[in-house]
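Trainee: Could we take a close look at one part of this model, namely its salt bridges? Please describe which side chains are paired and how accessible they are.

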Amino acid sequence: MSRLGIFVDRKTLASAEQLNALIRCRDVAEQMGHAAEFIFPVDIQKIRKMDALFIRARTDPMNVTYVAAKMAEFNGIPVIDDPRSIQVCGDKVNMYSALLKKGIALPKTVFLSKKDVTVERVASLFDTLGTPLVLKEPSTSFSQRVERVRDVAGFFRVARRFIKLSDWIVVQQYIESKYDWRVGFLDKQLLYACKYTIPSVTFKIQASVNGHIVYCGVESVPPDRIPPHVVALGIAAADAIGDGLYGVDIKNNNGDACVIEVNDNPSLESGEDQYYPDVYGKIVSHLFAK
Amino acid sequence: MNKRLHAAAEENGTTQSLAAVPGTGTLAIADPRTFTPYPPPLPGTSGKKNGIAKAARREPALTKDALYVIRKDHGYHVVAESYFYKTEPYYTILSLEYRGEVVKPSSRAVLEAYVIPVCLERVRARGIPVCDWGISQAYVPLPALIYGLNYYATNAEYAVVRDNSAAKERIRHITNNGKYPFCFQKFPEGGEIAEYTAIFGKTVDPRPDVAACASAVYDLFGLPLVRMIFIRHDGSCLLSSLSPVHYSRLDEQERAILAAHICSQEFL
């Protein structure tokens, strides 16, 4: 009997849906004849005893999930997310660089060093990329530290906050859309797809509006209703990062698709996989096939 | 190497060499064939021979946050006080990697060196004695040496805690009020912390165990400048962590060695 470790951090468990998704993952592994157990940060040494590791905690190259991924790697244990995917996807400068290197379609994107944040440079960015601009602190997740700015003063207000956390920030062309595609891939194969409907009060999939958290709507989409060029773009984007599990966000305005980002550790607790009941089964099979 | 070169490095920030692709407006990775070495050759340097100009052998400024990118051994070496994630040195390394250049340290090595459990496992695998470590959310066996394990923590900010009250306060601080787990190492009674600076894998201190560790650390991670923190006890010397070094904390001999490495660079 093979042993699957599911690495979780109770500090980042935010909802009953996340907990239910973890239990569903464990149940699927057990139904497939494997032993499955949750591994918490304090039990990290147990990873050595596992045959595969599935990390389901908020990943970052500087936190305990990276340690877990490296522990698995050191011991030759298949792991999702692997350390390189955490490193690349955890940093938008790194992630967009990987996509640009492979020629993946993106909104116009500029990396700006804090020493280049001058009035002249910022004004030229509005000239080049248009108005408004989207500023991203590179380690943003769940749309935190993603802001839309309409003028130089607004740019400086946001940039000042972001450069406290990173010496480089990402500046992007704003592309309006009512929804984003979230297409999940595992080892470059389509795993699931859904639409994230952006709330009318914001431009992000999640935002704090007047002190209330506003979430996007999630609508699972069956395979035959996903535009083929969206799938093709998603596969190319996932391939630019690696062979792991990724959620690729794509805007598809008038058939002109571009990648907004590639996420490691994609959410699977909000109905993303409604039309794809075998998502966890495929993940578990993939891990043990390695 | 002097203020001019430093200024040249400042002026040639890596963002500038991400060339815009005409017509698309999208930034792309510059063609490696058109990549300009960073920083560029010094104007007016003497001793040019066979197309290679050696930099002036004057001591570099080594001022706070100064970043030097030197060509050495068929690749680039990035010399900086800190290689912390998302800093200018980190992104300088990353942008060189995306141009296909060989660069030391690599962005992967930087993360491995600064994330303590990962660092210790890699060094241990090389046969160098290291501290045993554990991860905790709240409690540690006392006394212990503790480190934060999150983006906001720095390895230079470690603490030895000997009683519950001090441990509680320190843990609250390094975990951002319990938000993140932390790393601990048992601290033996009578043990002491010892710090040594390694410059391109060498130390000024002649102790063989420290020198062996410095050499292994350089082989593994390629960090030109790094502080090694050890726990010494009963004749043993166990590596506890690696951390950044401020130029201002280098002694005269260390500054001279580092300056010599930076100045002896060769530009194509």
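Mentor: The account below goes through the salt bridges of this structure. The model is predicted, and a search of the whole structure finds 29 salt bridges over all chains.

In chain A, the side chains of Lys70(A) and Glu73(A) form a salt bridge, with an N to O distance of 2.8 Å. Both residues belong to helix α2 (residues 64-74) of chain A, where they stand 3 residues apart, about one turn of the helix. Lys70(A) counts as buried because its relative accessibility is 1%, under the 20% cut-off. Glu73(A), at 37% relative accessibility, counts as partly exposed.

In chain B, Glu157(B) pairs with Arg170(B), the closest N and O atoms lying 3.6 Å apart. Glu157(B) sits in the loop between β6 (144-148) and β7 (159-161), whereas Arg170(B) is in helix α5 (residues 164-174), so this salt bridge ties together parts of chain B that are 13 residues apart in sequence. Glu157(B) is partly exposed, with a relative accessible area of 32%, and Arg170(B) is also partly exposed, at 23%.

Salt bridges with shared partners also build a network, which joins Lys70(A), Glu73(A), Arg108(B), Glu112(B) and Arg122(B). The pair from helix α2 of chain A is thus included in this network.

A further salt bridge in chain B links the side chains of Asp132(B) and Arg124(B), at 3.4 Å from N to O. Asp132(B) counts as exposed because its relative accessibility is 59%, over the 50% cut-off. Arg124(B) counts as partly exposed, at 32% relative accessibility.

Note on methods. Residues are numbered from 1 along each chain as its sequence is written. Chains are lettered from A and ligands numbered from 1 in the order in which they are written. This is a predicted model: local features need pLDDT of at least 70, side-chain atom pairs count only at pLDDT 80 or more; totals for chains, interfaces and linings use all residues. Side-chain values use heavy atoms; hydrogens and water are left out. A salt bridge is a side-chain nitrogen of Lys or Arg within 4 Å of a carboxyl oxygen of Asp or Glu. Helices (H or I, at least four residues) and strands (E, at least two) are DSSP runs, numbered from the N terminus. Buried means under 20% relative accessible area, exposed over 50%, partly exposed in between (1.4 Å probe, protein chains only).
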